[in-house]
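Dear colleague,

I am handing over the structure below, and my notes on it follow directly after. Please read them with the model open beside you.

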Amino acid sequence: MTDSELLEAARTVQDSAHVPYSEYPVGAALETADGEVFVGCNLENANFSNSLHAEEVAIAEAVKNGHRDFSRLAVSSGRRDGVTPCGMCRQTLAEFCDDDLVVICDEGEDEAPSEYTLGELLPNTITEEMLD
């Protein structure tokens, strides 16, 4: 799957987002090391702390289906504003992904997407070893 196709999967799943409060749909498409793609969208709740983010939904679906190795993540918002995963999602991704996970962020149809690694977005990650 190309970067453009992965980004399109993130854009498409936004249609399923439940965002009555922010009106800010986000879609995420997470590619496993073997090429399978899992998508997620944000699901808001009146109690904001119970809301789910698109990246969390995508990784939960992938992990539920037995995947633990990931290569790329594409993220898109309805505004095509280059949204990156929030800090909470970055930490969740770090639980299952290496620092070299490629994160592709949608800048819109007329712009090239921004690209980062998870390590760039989340340096000095909290790890299991720190909890010992």
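Arg 80 lies in the loop that runs between strand E3 (70–77) and helix H3 (87–96), and in this predicted model its phi is positive, at about 50 degrees, although Arg 80 is not a glycine. Most residues other than glycine have a negative phi, so a value of this sign deserves a second look. With a relative accessibility of 26%, Arg 80 counts as partly exposed.

Glu 23 also has a positive phi, near 55 degrees, in a residue other than glycine, and its place is in the loop between helix H1 (3–13) and strand E1 (26–32). Glu 23 is exposed, because its relative accessible area of 61% is over the 50% that the term requires.

Turning to the interior, the largest nonpolar core has 21 residues, and those with the most contacts inside it are Leu 30, Ile 59, Phe 70, Leu 73, Leu 93, Cys 97 and Leu 101. Two or more residues each are given to this core by E1, helix H2 (54–64), E3, strand E4 (102–105) and helix H4 (118–121), with H2 supplying the largest share, 5 residues.

Which residues does Leu 101 touch, leaving aside those up to four places away in sequence? They are Phe 70, Ser 71, Arg 72, Leu 73, Leu 93, Tyr 116, Thr 117 and Leu 118. Separate from the largest core there is a second one of 6 residues, which includes Leu 6, Ala 10, Ala 74 and Ile 104.

With best regards

Methods
Residues numbered from 1 in each chain as written. Predicted model: local features only at pLDDT ≥ 70, side-chain atom pairs only at ≥ 80, totals over all residues. Heavy atoms only, no water. Helix = DSSP H or I, 4+ residues; strand = E, 2+ residues; numbered from the N terminus. Buried < 20%, exposed > 50% of the residue type's maximum accessible area, 1.4 Å probe, protein only. Core = buried A, V, L, I, M, F, W, Y, C linked by side-chain atoms within 4.5 Å. Contact = heavy atoms within 4.5 Å.
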